[in-house]
Amino acid sequence: MRSVRLGIVVSAVLALTVAGCGGGDEGGSQSPAANASSDASVSLAGTCPATIVVQTDWDPESEYGVYYHMLGPNPKVDTQHKRVTGPLVVEGKDTGVQLEVRTGGPSIGFEPVSSQMYKDTSITLGQVSTDESIRFSAKQATLAVMAPMEISPFMIMWDPATYPQFNTIADIGKTDTKVLYFEGDTYMAYLTGTGVLKKAQVDGSYDGKPGNFVAAGGKVAQAGFATSEPYIYQNEVKQWGKPVKYALVNEAGYPFYPQALAIRAADKAKLAPCLKKLVPIVQRAQVDFLANPQQTNALVLNLVKQYNDGWVYTPGLADYAISKMRSDFVKNGSDQTLGNFDTARVQRMIDIVTPIFTAQNQPPKAGLKPDDVATNEFIDTSIGVAG
């Protein structure tokens, strides 16, 4: 499950206090494919569900823009249930089916997407990171079919003026500097279990708000996302207003695929004809979104406004996220293909997190293999990002 994000004020009351259903065409809610037309060459009708439902794990943001980018003209916004629905389009062509993008996090009671997919079988695909898929593999198995991001933006940040000697997470672990993080994030059990950080120095009380970091005057390190917090702290947290430096969790040896697009594992045979057509469409949409993000970001910002659930997202942050995705996180990996999985990397994750989850009395499926967690069967290997 995606951790609580900076800038949101969440409570049980707020999660239940929502507006009624909205019309969906209010200032910027129209998708990039405003002139979508029907084209048999990209038709998913009769092959895919009439409405393809994608469950995200958080509120709308540019990191998830690929799904909003595929929405056709005048999507319908349901502010009560925090979801948006419209024709699924590719390069301006209507595929003949609907796409529904649902909000996660507080909108589903912070339920892990894996669990939500099994509670609500109307969900076709969900965002499930590799470690989450392994965690639920015994009873709520999911199979990733594409990774929109090659590298996770999970990071730990610090004040470079206070700690000029820090360049890696291991450098932090050589000191007694307190590290604030979101309780329950599996990567922290890896970092402390392998001695990269000391158990005594980590503090799971971080709630996504900047108060403790600011109050400490930069003397603590803090977990977060490289696509958001560095911009927010420098530009939107007035009490701080200066750069931070960070190191990625991926660089510390925790190479999970973040928010991969996954199905319930048992649905593979049923969905295979659809996925053969759909997955390449998502690959192309990610490439096109990063090349032409403006209208989709406008839709994302408008949805945040309409949902009005405490999530804060600004145009500057949206632009920053796109820049970081282009430079650091949406990559082709070791080949020329966007969205495929490295089997050795998935196995590495199985090796890392199996003892962690077993110690937490939630052992993964016995004998779990990489192809139980992720598949490249539906990937179009000719689709990649430039550079």
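Among contacts between residues at least 6 apart in sequence, 79% join residues at least 24 apart. The model on display is predicted, and the tour below follows several such meetings through the chain.

**The whole chain**

Begin with the entire protein selected. Its 387 residues include 56% that count as buried. Colouring by secondary structure should bring out 13 helices and 13 strands. With the surface switched on, the accessible area amounts to about 15,100 Å², and carbon and sulfur atoms account for 51% of that.

**Strand S13 and its partners**

Next, select residues 260-264, which form strand S13. Is this strand enclosed or open to the outside? Five of its five residues are buried, so the rest of the structure largely encloses S13.

Add residues 125-128, strand S6, to the selection. S6 runs antiparallel to S13, and three bridges join the two strands. To see where they face each other, pick Gly126, which stands opposite Ala262 of S13.

Now add residues 142-146, strand S7. This strand also pairs with S13 in the antiparallel sense, here over four bridges. Thr142 is a useful residue to label, as its bridge partner in S13 is Arg264.

**Arg264, Asp267 and Lys270**

Keep Arg264 selected and display its side chain. Which acidic side chain does Arg264 meet in a salt bridge? The partner is Asp267, with a distance of 3.0 Å from N to O. Both Arg264 and Asp267 are buried.

Asp267 also forms a salt bridge with Lys270, where the closest N and O atoms lie 3.9 Å apart. The two ends of this second pair differ in their surroundings: Asp267 has 12% relative accessibility and therefore counts as buried, whereas Lys270, at 60%, counts as exposed. In general, side chains of opposite charge can pair when their charged atoms come close.

**Tyr118, across from Arg264**

Select Tyr118 next, in helix H3 (residues 113-119). Tyr118 and Arg264 are 146 residues apart along the chain, yet their C-alpha atoms are separated by 7.7 Å. Which residues does Tyr118 touch, apart from those up to four places away in sequence? They are Lys139, Gln140, Ala141, Arg264 and Ala265.

Zoom in on Ala141: the side chain of Tyr118 reaches the backbone oxygen of this residue at 2.6 Å. Tyr118 itself counts as partly exposed, because its relative accessibility is 31%.

**Salt bridges elsewhere**

Return to the full view to place the charged pairs in context. How many salt bridges does the whole structure contain? A search of it finds 14.

For a linked group, select Arg83, Glu100, Arg102 and Asp120 together; salt bridges connect these four residues in a network.

For a pair within a helix, move to residues 315-329, helix H11, which holds both Lys324 and Asp328. These two residues are four residues apart, about one turn of the helix. Their side chains meet in a salt bridge with an N to O distance of 3.0 Å. Is each partner buried or exposed? Lys324 has 15% relative accessibility and so counts as buried, while Asp328, with a relative accessible area of 29%, is partly exposed.

**Last view**

To finish, show Tyr118, Arg264 and Asp267 together. Arg264 appears here in three roles: as the bridge partner of Thr142, as a residue touched by Tyr118, and as the salt-bridge partner of Asp267.

Terms used:
Residues numbered from 1 in each chain as written. Predicted model: local features only at pLDDT ≥ 70, side-chain atom pairs only at ≥ 80, totals over all residues. Heavy atoms only, no water. Buried < 20%, exposed > 50% of the residue type's maximum accessible area, 1.4 Å probe, protein only. Contact = heavy atoms within 4.5 Å. Polar contact = N/O pair within 3.5 Å; in protein donor to acceptor, adjacent residues only side chain to side chain. Pairing = 2+ DSSP bridges. Areas by Shrake-Rupley, 256 points an atom, 1.4 Å probe, with all protein chains shown as cover.
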